[in-house]
Amino acid sequence: MIIGVAKEIKNNENRVALTPAGTEILKRAGHTVLIEQGAGLGSGFSDESYIKAGAQTIADKKALFDQADMIIKVKEPLAPEYDLFHAGQILFTYLHLAPEPELTKALLAKKVIGIAYETIERNHTLPLLTPMSEVAGRMAVQVGAHCLEKPFGGKGILLGGVPGVESAQVVIVGGGTVGTNAAKMAVGMGARVAVLDKSVERLVYLDDIFGGKVTTVMSNSYNIAHWVKNADLLVGAVLLPGAKAPKLVTEEMVKSMEPGSVIVDVAIDQGGSVETIDRVTTHSDPTYVKYGVVHYSVANMPGAVARTSTIALTNATIDYALQIANKGWQGALRADSGLAKGLNVYDGKITFKGVAEAHRLPCTPVEEILG
Ligand SMILES: NC(=O)C1=CN([C@@H]2O[C@H](COP(=O)(O)OP(=O)(O)OC[C@H]3O[C@@H](n4cnc5c(N)ncnc54)[C@H](O)[C@@H]3O)[C@@H](O)[C@H]2O)C=CC1
Ligand SMILES: CC(=O)C(=O)O
């Protein structure tokens with residue numbers, strides 16, 4: 001199979017979908033890897049390192065898309081990329097289609113075979129979302145601590161306090177991968193930490209692993225209102241896989257927060273979990289202030305720590321990319337029902353329920369397509 005790796009074009013997206021190590025794995029299995037020139041530079045991988053691993057570099061983005069049977073990316077395609085795809089081409093990447101009607105329309109019109117990293121399952125986990133959620137969860141506290149500093153609009157408090165001065169209250173809504181990693185960082189920095197989740201099993205798990213260092217709270221609107229009001233740093237970390245994020249934090253709740261408090265809504269890539277998050281921000285202009293509260297809503301947080309993120313991402317994606325290349329997309333999806341859950345669009349049809357519901361369009365079950 002001819003596999004094309006395009007240079008990312010999103011603001012400050014420094015990741016690339018394949019490392020030289022991943023390239024070598026695909027090459028050894030007999031596949032052709034085309035890398036857009038300079039695609040790896042933001043992650044510290046030179047064109048020469050890809051050539052040494054067996055890839056061909058290509059300067060012309062359009063020629064790369066024209067030749068490739070499968071395009072591997074990091075982020076969902078942006079408008080300037082829509083026309084590059086052709087019918088029957090496999091697109092293997094984060095797609096986040098539920099909050100993106102224009103992108104969904106474009107991929108349907110182009111009859112792309114869209115396999116989304118974020119909806120692939122293995123043993124009830126999301127193996128291709130997990131590594132980037134680990135990164136974003138850890139970053140959420142790092143950027144949140146920064147935003148709490150006075151020059152960045154915050155109320156001027158240090159997460160861990162100092163002896164004689166109380167530490168900050170970090171409130172995390174959603175105790176999955178992002179939430180757990182945010183809690184680890186916040187505990188490590190000496191903050192007081194509360195995690196809300198709707199799953200009792202998850203709260204039990206968090207209570208066990210944090211040994212009492214985190215307050216676990218059942219997620220409902222009453223408890224969310226109480227904890228949001230008292231948060232210095234609020235982290236949005238909920239997920240309903242593939243679907244639009246529920247707006248759990250209302251405008252009234254945000255109004256109840258002290259001025260200079262900070263919200264980091266990591267769930268922004270699925271549309272955001274906070275009512276006052278009304279825009280996706282970028283690494284070059286990451287925050288805005290509403291009701292005196294600093295809002296951070298960057299949808300590609302791991303792009304800022306690209307070296308770490310690119311290696312972690314390829315570690316997770318490479319086996320799946322190899323299966324798709326070796327067996328063809330249908331063979332690979334038939335052989336692995338968890339991978340089949342990644343299929344979001346095919347031949348002009350939506351094949352993932354959460355995406356179809358978000359756009360009020362019909363859903364064609366994957367099983368029907370695989371026959
Ligand atoms: N902005 C960015 O750069 C990035 C964003 N993300 C996003 O972060 C979000 C979270 O991802 P993960 O932690 O990996 O998901 P996850 O599936 O591991 O965890 C989600 C948690 O939300 C909980 N949840 C669902 N409904 C809830 C409710 N009503 N109240 C409280 N908790 C609820 C679930 O029980 C689960 O524990 C996703 O939207 C993901 O795409 C991930 C990486 C980077
Ligand atoms: C999960 C995702 O969209 C990201 O890492 O950018």
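For sorting the residues around a ligand, Ala, Val, Leu, Ile, Met, Phe, Trp, Tyr, Cys and Pro count as nonpolar, Asp, Glu, Lys and Arg as charged, and the others, Gly among them, as polar. With that in hand, here is how the two ligands sit in this predicted model.

Ligand 2 comes first here. Its shell divides into five nonpolar, two polar and three charged residues. By name, the residues around ligand 2 are Arg15, Lys75, Tyr94, His96, Leu129, Met132, Asp269, Ala299, Asn300 and Pro302. Arg15, Lys75 and Asp269 are the charged ones, because Asp, Glu, Lys and Arg are what count as charged. His96 and Asn300 fall among the polar ones, because neither His nor Asn is listed as nonpolar or charged.

Several of these side chains reach oxygen atoms of ligand 2. For His96, an N or O atom of the side chain is 2.6 Å from an oxygen atom of the ligand. The side chain of Lys75 also has an N or O atom placed 2.7 Å from a ligand 2 oxygen, and a polar side-chain atom of Arg15 lies 2.8 Å from an oxygen of ligand 2. On its own, ligand 2 would expose 220 Å², and the protein buries 95% of that. As for where it is found, ligand 2 sits in the largest pocket.

Now for ligand 1, which sits in the largest pocket too. It has 29 residues around it, and the closest are Ser133, Asp197, Ser219, Asp269 and Met301. Sorted by type, the shell of ligand 1 comes to 17 nonpolar, nine polar and three charged residues. Some of the shell comes from regular elements: α6 (130–147), α7 (177–188) and β8 (192–197) supply at least two residues each. Of the contributors, α6 gives the most, with three residues.

The polar contacts of ligand 1 involve both side chains and backbone. Asp269 has a polar side-chain atom 2.6 Å from an oxygen atom of ligand 1, while for Asp197 the corresponding distance to a ligand 1 oxygen is 2.7 Å. From the backbone, an N or O atom of Ala299 lies 3.2 Å from an oxygen atom of ligand 1. Ligand 1 has 870 Å² of accessible area on its own, and the protein covers 89% of it.

Two of the residues named above turn up around both ligands. Asp269 is among the closest residues to ligand 1 and is also part of the surroundings of ligand 2. Ala299 makes its backbone contact with ligand 1 and is listed around ligand 2 as well.

Definitions and conventions: Residues are numbered from 1 along each chain as its sequence is written. Chains are lettered from A and ligands numbered from 1 in the order in which they are written. This is a predicted model: local features need pLDDT of at least 70, side-chain atom pairs count only at pLDDT 80 or more; totals for chains, interfaces and linings use all residues. Side-chain values use heavy atoms; hydrogens and water are left out. A residue is near a molecule or strand if one of its heavy atoms lies within 4 Å of it. A polar contact is a pair of N or O atoms within 3.5 Å; within protein, one must be able to donate a hydrogen and the other to accept it, and residues adjacent in sequence count only if both atoms are side-chain atoms. Accessible areas come from the Shrake-Rupley method with a 1.4 Å probe; for residues, only the protein chains shown count as cover. On a 1 Å grid over the protein atoms alone, a cavity is a set of points where a 1.4 Å probe fits but cannot get out, and a pocket is an open set with protein on both sides within 12 Å along at least five of seven lines; lining residues have an atom within 4 Å of a point. A molecule sits in a cavity or pocket if more than half of its atoms lie within 2 Å of its grid points. Helices (H or I, at least four residues) and strands (E, at least two) are DSSP runs, numbered from the N terminus.
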